[in-house]
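Okay, thanks for coming, everyone. I've got one chain to walk you through today, so let me put it up on the screen.

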Amino acid sequence: MKYLIVFVVVLVGIWFWRNNRRAELRDKKPPRPPPVSGPQQATEVVACAVCAVHLPRPDALPGRRGLYCSEAHRRQDEA
Ligand SMILES: [Zn+2]
């Protein structure tokens, strides 16, 4: 019976030691770097419906039949 108590005390001691070590390892980990912006955050590139030139979406002119690189191409396509 005495040995059983010693055995349990040793087990509990090992369990505590392992928990402490795990907490230490977790604390030592460097903070996560901020998430890198994915490709979906990059500027989308669209093609002009007339000349197929590629340009960033914010610079494209929306028209009834698509996106255009310039006012001239939009008028040309919608005429
Ligand atoms: Zn164009």
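I'll go from the overall layout to the helix and linker, and then into the strands and the core.

Before anything else, keep in mind that this is a predicted model. So, what's in the protein chain? We have 2 helices and 4 strands. Reading from the N terminus, the order is α-β-β-β-β-α. And the whole thing is more spread out than a compact globule, because its radius of gyration is 33 Å, well over the 12 Å that the globule rule gives for 79 residues. You can see that in the C-alpha trace as well, which spans about 100 × 20 × 15 Å along its principal axes.

How many domains? The chain is divided into domain 1, residues 1–31, and domain 2, residues 42–79. Taken over C-alpha atoms, their centres are 66 Å apart. As for burial, 8% of the 79 residues count as buried. And if you take the contacts with a separation of 6 or more, residues 24 or more positions apart account for 9% of them.

Okay, the helix. Helix α1 covers residues 2–28, so it's 27 residues. From first C-alpha to last it reaches 39 Å, close to the 39 Å expected at 1.5 Å a residue. Is it buried or out in the open? Of its 27 residues, the number buried is 0, so α1 lies largely in the open. Take V6, which is found in α1. V6 counts as exposed, because it has 9 C-beta neighbours inside 10 Å. To get a feel for the distances here, V6 and C48 are 42 residues apart along the chain, and their C-alpha atoms are separated by 81 Å.

Moving along, we come to the loop between α1 and β1, and that's where P34 sits. P34 is exposed too, with 6 other C-beta atoms within 10 Å. Looking back towards the N terminus, the C-alpha atoms of P34 and W15 are 34 Å apart, with their positions 19 residues apart along the chain.

Now for the strands. V46 lies in β1. It is partly exposed, with 19 other C-beta atoms within 10 Å; the cut-off for buried is 20 or more, so V46 doesn't count as buried. What does V46 touch? Leaving aside neighbours within four places in sequence, V46 is in contact with L55, R57, A60 and L67. V46 and Y68, which are 22 residues apart in sequence, are 8.8 Å apart in space, C-alpha to C-alpha.

Just past that, have a look at A52, in the loop between β1 (45–47) and β2 (54–56). Here's the bit I'd flag: phi of A52 is near 65°, a positive value in a residue other than glycine. As a reminder, most residues other than glycine have a negative phi. A52 counts as exposed, with 8 C-beta neighbours inside 10 Å.

Right, the core. Which residues make up the largest nonpolar core? There are 5 of them: C48, A49, A60, Y68 and C69. That goes with the usual picture, where nonpolar side chains in soluble globular proteins tend to be buried together. A49 is a good one to click on: beyond four places in sequence, A49 touches R65, G66, L67, Y68 and D77. So Y68 turns up as a contact of A49, as well as being listed in the core.

And that takes us to R65, in the loop between β3 (61–63) and β4 (66–68). Buried or exposed? R65 counts as exposed, because it has 11 C-beta neighbours inside 10 Å. Setting aside residues up to four places away in sequence, R65 touches A49, D77 and E78. If you compare lists, D77 is in contact with A49 and also with R65. Last pair: R65 and Q76 are 11 residues apart in sequence and 11 Å apart in space, C-alpha to C-alpha.

That's the tour. Happy to rotate things if anyone wants another look.

Terms used
Residues are numbered from 1 along each chain as its sequence is written. This is a predicted model: local features need pLDDT of at least 70, side-chain atom pairs count only at pLDDT 80 or more; totals for chains, interfaces and linings use all residues. A nonpolar core is a set of buried Ala, Val, Leu, Ile, Met, Phe, Trp, Tyr and Cys residues joined through C-beta atoms within 7 Å. A residue is buried if 20 or more other C-beta atoms lie within 10 Å of its own, exposed if 12 or fewer, and partly exposed in between; C-beta atoms are placed from the backbone. Two residues are in contact if their C-beta atoms, placed from the backbone, lie within 7 Å. Domain bounds come from an automatic or database domain assignment. The expected span of a helix is 1.5 Å times one less than its number of residues. The radius of gyration is taken over C-alpha atoms; the globule rule is 2.2 Å times the number of residues to the power 0.38.
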